[in-house]
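Biologist: Could you walk me through this one, helix by helix where it matters? I'd like to begin with a local detail and then zoom out.

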Amino acid sequence: MPELVAPLTCANHPGRPAIAICVSCRKRICPACATPWEGIQYCASCLAARRATPRQAHARWGWVGMGLAAAALLFALTWLRPALAGLVAGGP
Amino acid sequence: MRRGRLATLAILDEAVERVFRELPGWAGLAGLATLPLRFLEVHFLNRALELGSHAGEHGRYLTSLSWLITLALPLAFWGRAVLAHAVTLTLSGERRLGRRPFQLRPAALAAGFYAYLAAQVLVLAFSFTVAGSALALILAGLAVATVPLQERVGPWAPLGTAFGNVRPLRVHVGLFLLAAVAFGVAFVNLAALFDVGLWAAQALPGLDLTRWEALLSLHNRHFRLLLAAGAALAVEPFWIAALAVTVHRKRAQQSGEDLRAWFEELVAERAA
């Protein structure tokens, strides 16, 4: 009788059943290959790549962009509050 | 059924149980860190309502109070982010947390705070619509609950990580409605607690309670606002924990972590 459902096996160990999918490369992985990090499963190679990746130049721009946007949000938040309070308390 | 749809009540049950049994200290820390923010918000609202139609003439005063609220935001956010991290760690199977919930990566904390600020602006912008403000509050909660998942800084990535977890919206709306009901119940209970306190104090001889009765009366707007702040402080840790559980369960379904945990449980049961 042919097997109707193909067994899901580990991408690195074809003889072992897969129990998870690496969230980074989407490969099926077995318990030996899966490493939970902050509650998320990674395969060994993706985890190693994450650790080895040097800080890229765009990360600095990411900080700058986020800092500027956060400053704008802080000002918006601080100025919106009294403006809305004036509308609510005093009416239009 | 592990692979079934996420159920609102099951998530709430799990969150409440975890907060009561494993994380009461972390919930207390979140409450303490949020205390200055809530008191300042009450003070600001009370002043604005006192000024009434003259509020517009005291813009600078209200803006200075608003700056104080903004300054209290990071501490409140940090306390709740630490709680969300503690919940995530226990869900990942950590038994002894120690000081680990404090060990949030600075980049994750900064990215989460940025997403939280964006959600706060939305809360204010949509404050005149019930559905809009509710959705914005859910996004603010998600910004806190997803701090452990924040990996990249930038103007867009943190928003994607935080607000991308808005699904399943059905569960988040359910949790929000339950939190709103719990807020009402907490408000009534706190009011009753102060009433009982006043009633008990009447038994003490020579104590003039006239002033206290006026201060702790529901006719006093300041007291009503303080009760609302107290009720929010009581409910918030459970809501944040429930959001963290939802986000974790959804990701566990996607990564297969839930099946692995289930398999380990089955093996343990068979061994026992």
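Modeller: Let me start with a backbone detail, bearing in mind throughout that this is a predicted model: B:Gly93, which comes just after H3(B), takes a positive phi of about 100°.

Biologist: And H3(B) itself, what span should its 33 residues have, and how far apart are its end C-alpha atoms?

Modeller: Helix H3(B) covers residues 59-91, and because each residue is taken to add 1.5 Å, the expected span is 48 Å, which agrees with the 47 Å between its end C-alpha atoms.

Biologist: Where is the kink in that helix?

Modeller: The kink, of about 30°, is at B:Leu73, shortly before the proline B:Pro74.

Biologist: At what angle do H3(B) and H4(B) cross, and within what distance do their axes come?

Modeller: The axes of H3(B) and H4(B), the latter being residues 106-125, cross at roughly 115° and come within 11 Å, and the crossing is right-handed. On the H3(B) side the contact is made by B:Leu73, B:Pro74, B:Phe77, B:Trp78, B:Arg80 and B:Ala81, while H4(B) brings in B:Leu109, B:Gly112, B:Phe113, B:Tyr116 and B:Leu117. By character, these contact residues divide into nine nonpolar, one polar and one charged.

Biologist: Which residues of H3(B) meet H5(B)?

Modeller: They are B:Phe77, B:Arg80, B:Ala81 and B:Ala84, and they meet B:Ala143, B:Val144 and B:Ala145 in H5(B). The residues of that contact divide into six nonpolar, no polar and one charged. As for the geometry, H5(B) spans residues 130-145, and its axis comes within 8 Å of that of H3(B), with a crossing angle of roughly 65°.

Biologist: Switching topic, how many salt bridges are there over all chains?

Modeller: A search of the whole structure gives eight, counted over all chains. In one salt bridge, the side chains of B:Glu14 and B:Arg249 meet at 2.6 Å, N to O. That pair links distant parts of the chain, since B:Glu14 lies in H1(B), residues 8-21, and B:Arg249 in H9(B), residues 221-255, with the two positions 235 residues apart in numbering.

Biologist: Zooming out, how many helices and strands does chain B have?

Modeller: Chain B has 10 helices and zero strands, and read along the sequence its pattern is α-α-α-α-α-α-α-α-α-α.

Biologist: What does the C-alpha trace of chain B span along its principal axes?

Modeller: The trace spans about 70 × 50 × 35 Å along those axes.

Methods. Residues are numbered from 1 along each chain as its sequence is written. Chains are lettered from A and ligands numbered from 1 in the order in which they are written. This is a predicted model: local features need pLDDT of at least 70, side-chain atom pairs count only at pLDDT 80 or more; totals for chains, interfaces and linings use all residues. Side-chain values use heavy atoms; hydrogens and water are left out. Helices (H or I, at least four residues) and strands (E, at least two) are DSSP runs, numbered from the N terminus. The expected span of a helix is 1.5 Å times one less than its number of residues. The bend at a residue is the angle between axes fitted to the seven residues ending there and the seven starting there. Axes are lines fitted to C-alpha atoms, for helices over the stretch in contact, and angles run from 0 to 180 degrees between N-to-C directions. A crossing is left-handed if the near helix is turned anticlockwise from the far one by less than a right angle, and right-handed if clockwise. Contact means heavy atoms within 4.5 Å. Ala, Val, Leu, Ile, Met, Phe, Trp, Tyr, Cys and Pro count as nonpolar, Asp, Glu, Lys and Arg as charged, and the others, Gly among them, as polar. A salt bridge is a side-chain nitrogen of Lys or Arg within 4 Å of a carboxyl oxygen of Asp or Glu.
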